[in-house]
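Work through the following exercises with the sequence and the structure beside you, and try each task before you read its solution.

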Amino acid sequence: NTAVIVDFFFFTAKVGKTSLIMSLVSEEFPDEVPLRAEEITIPADVTPERVPTHIVDYSGTDTCPSLYDENLIACIANVICIVYSVNNKKSIEKVILCLKLLNVLILLSGHRVPLILVGNKSDLVEHSSMETILPIMNQYSEIETCVECSAKNLKNISELFYYAQKAVLHPTGPLYSPEEKEMKPSCIKALTRIFKISDLDNDGILNDNELNFFQRTCFNIPLAPQALEDVKNVVRKNMSDGVKDNGLTLKGFLFLHTLFIQRGRHETTWTVLRRFGYDDDLELTQEYLFPLFKIPPDCTTELNHNAYLFLQSVFDKYDKDRDCALSPDELKDLFKVFPYMPWGPDVNNTVCTNEQGWITYQGYLSQWTLTTYLDVQRCLEYLGYLGYSIIQEQESQAAAITITRNKRIDLQKKQTQRGVFRCNVLGARGSGKSGFLQAFLGRNLAVSPDSYYAISTTYVYGQEKYLLLHEVLPDFEFLSEADLACDVVCLVYDISNPRSFEYCAKVYKKHFLDSKTPCVIIAAKSDLHEARQYYSLSPLDFCRKHKLHPPQLFTCNTDEAPSKDIYTKLTTMAMYPHMTQADLKSSTFWLRASVGATVFAVLGFAMYKALLKQR
C-alpha cells in the first residue's frame, strides 16, 4: 500500500488540532504546544493498516484563506481531518465555510479526497455535538465519518488516526450512498462483473465450490462448511431470492456486500474489488489490464496451452445449448464482463461460422489467436476483463502469452516451434483476393466480406497450425514494411483479366525478388476463360524464370466448399522457408503434407465431438 497523508487544519485558532498530533506521537498531552507541528511520519509497523502515515499540520488563521494560498493547496493530499472544538459554536459554524473551500480545492486537484470531521475537547462538555454535525455530514458526501475526541485525556486519539487511514484505503464514497442507503451504480457494476467471473458454470448462482474458490482468491483462506451455511442463512433471513438451489444468487451477493459496508466493514468489499483489478474510482487499473510486456524484434506473440484451455472453458461456460457455436445472445452474455463490445460484425467474416452465421468453436479460438498475433496489448486487456489471472491463479495475464523465437534463428536452425503463420495476399483490384480469403473459411462467392483478414487452422505433417491471411490494399507505391512483413506471400491475379498479372509481376520484382520470403502465384477465377496477359512473360514463364512454383489454379465459384489444398501448401512453405523450390515442387512432399492434414483434420473433429459428449 502507498503512504497515507493526513492533513489536519482549520481556520479558527485554539481548536486543538496541533495538540491532537502531539498527543498521538507522545501518547501524553503536551505542556507546550507550538503554533504548528512539524511534518511527522509514522512507520508502517505501528499502524493498524500497516502503511506509513505522514501527518501534515496546516496553520490557519481567523480569516478565510485564499484559494491561491500555497500552504493550503500543498495540503490537499489523501485524507483531510477538519478539526473543530465541541465547546465552541463559532468553530462548528466555520466547518461549513471550510468544507466549501475544500470542495473547490479538491475539484482543482482532480482527485477524490475523503474528509473526516474531528470534534476535539470532548473532555470540556458533557453533551455531544453530533446533532449539529449530522446535517452537515448529510449535505457533504465527501465526509467519511465524524469522531469526537480529547487530546487532553487521549480519548479516541488512536481511533481518529485509524479512521483517517481507513478513509484512504477503504473509502465509503465510491461504494455507498448514505442518503439512498444503497450501493452506488458503479459499485454494483463492478461486483456484478466479479460475480459473473466467479460463476464458473454460468448458472446464475455461486455454489459451495465457487464460493470457496472466491474466498481463497480474495482472502487466501477457505470457508468452513458451517461458515458457508451461516453466510447463506444471513441472506435467507433478509431476502427471499438471495439463495437458490443452496447457492448464492447475484442479489444475495450484492446484499452481503451492502451489509458489510453498512456495518463498517468496507475493507472486505475493497479487498474483493482490488483483487479483481479495481482502483479507488472503481475502474480497472492500467497495471491490471496492461501488465509490462516487451516483445523483442523479429518475434511474434501467441497464446500458450494454458491460455487455450482457459478460453475453451470460457466458450463452454457460455455455449449453453452445446451446439459448438456462440449465438448472438450467448456472445453478448460472454462479453458482459467487458465495458464495451470488443468484437464487431467484421469478426464473422474473419473466422469460421456455422450456417446461421454464428461464430463456431474453431472460429472463436481463431479470433483470439488473431488478436494475440496482431495486437497483444489488446489481447492482454481482453483476458483481464475475463479474469484470466484470477481464475488461472497467475500473477498477470502476461502468463498466457508465448513470445516466439527470433525468425532468423528459425531460419538458421531450419525448424520452428511457432503455431501462427502470416500470409500477405497481394493483387490488383478485382483480382479475387477477398474471395481467396473467404474460401479459406469455407465460403464461396455468395459472401460479401468486410474484413481484410481471415484465420483458421491447417495441418502440416500432423501438426495443427494457424494460417493468418491478410489482404493488402493494392496501392503499389505505398506498401509499407508492415505490409511486406510476413512468412509467405500470395500474389493473386485474375486469369480472365489480361491486365491483372502485371501488378503481381511488378510487386514481386520490386519487393520480393531478393527476399527470403516464399512466394506463390495464384491464378484466381480459374472457372472463367483464360485471357492472354498483357505482360512480356506469361505467368508460367515468369515463374520458371524466377524459380517459383507454377501458378496455382483457384476458384471459389463452386456449389460446395472450396478446396483447402492451397492453404496447406502456403502453411507448409511458411513453416519451411529454407526449402528450395525444387523440394516444394516435389509431388511426394505435398502428398505427405496434405495427407497428414486430412487425417488430423478428421481426427481433430472427431476428438472435439467426443469431448463435447463428455461435457
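**Exercise 1.** Find which residue in β11 is the bridge partner of Ile 205, and then work out how β9 and β11 are joined.

*Solution.* In this predicted model, begin at Ile 205 and look across to β11, where Thr 249 is its bridge partner. Next, widen the view to the strands themselves: β11 covers residues 247–249, and two bridges join it to β9, with the two strands running antiparallel.

**Exercise 2.** Give the order of the strands in the open sheet, and explain why one side of β9 and of β10 is left without a neighbour in the sheet.

*Solution.* The sheet has three strands in the order β9-β11-β10, and their pairing is antiparallel. Because β9 (205–206) and β10 (243–244) stand at the edges and each has a single partner strand, one side of each lacks a neighbour in the sheet. As a last step, add the helix α9, residues 250–262, which lies across β9 and β11 and runs at about 80 degrees to β11.

**Exercise 3.** Describe how helix α5 and helix α10 pack, and sort the residues of their contact by character.

*Solution.* First take the geometry: α5 (residues 157–169) and α10 (residues 266–275) pack at an angle of about 30 degrees, and their axes are 10 Å apart. Since angles under 35 degrees count as roughly parallel, the two helices α5 and α10 are therefore roughly parallel to each other. The crossing of α5 with α10 is left-handed. Then take the residues: from α5, Lys 166, Val 168 and Leu 169 meet His 266, Glu 267, Trp 270 and Arg 274 of α10. Sorted by character, the residues of this contact comprise three nonpolar, one polar and three charged.

Note on methods
Residues numbered from 1 in each chain as written. Predicted model: local features only at pLDDT ≥ 70, side-chain atom pairs only at ≥ 80, totals over all residues. Heavy atoms only, no water. Pairing = 2+ DSSP bridges. Helix = DSSP H or I, 4+ residues; strand = E, 2+ residues; numbered from the N terminus. Contact = heavy atoms within 4.5 Å. Axes fitted to C-alpha atoms, helices over the stretch in contact; angles between N-to-C directions. Parallel < 35°, antiparallel > 145°, perpendicular 65-115°, else oblique. Left-handed = near helix turned anticlockwise from the far one by under 90°. Nonpolar A, V, L, I, M, F, W, Y, C, P; charged D, E, K, R; others polar.
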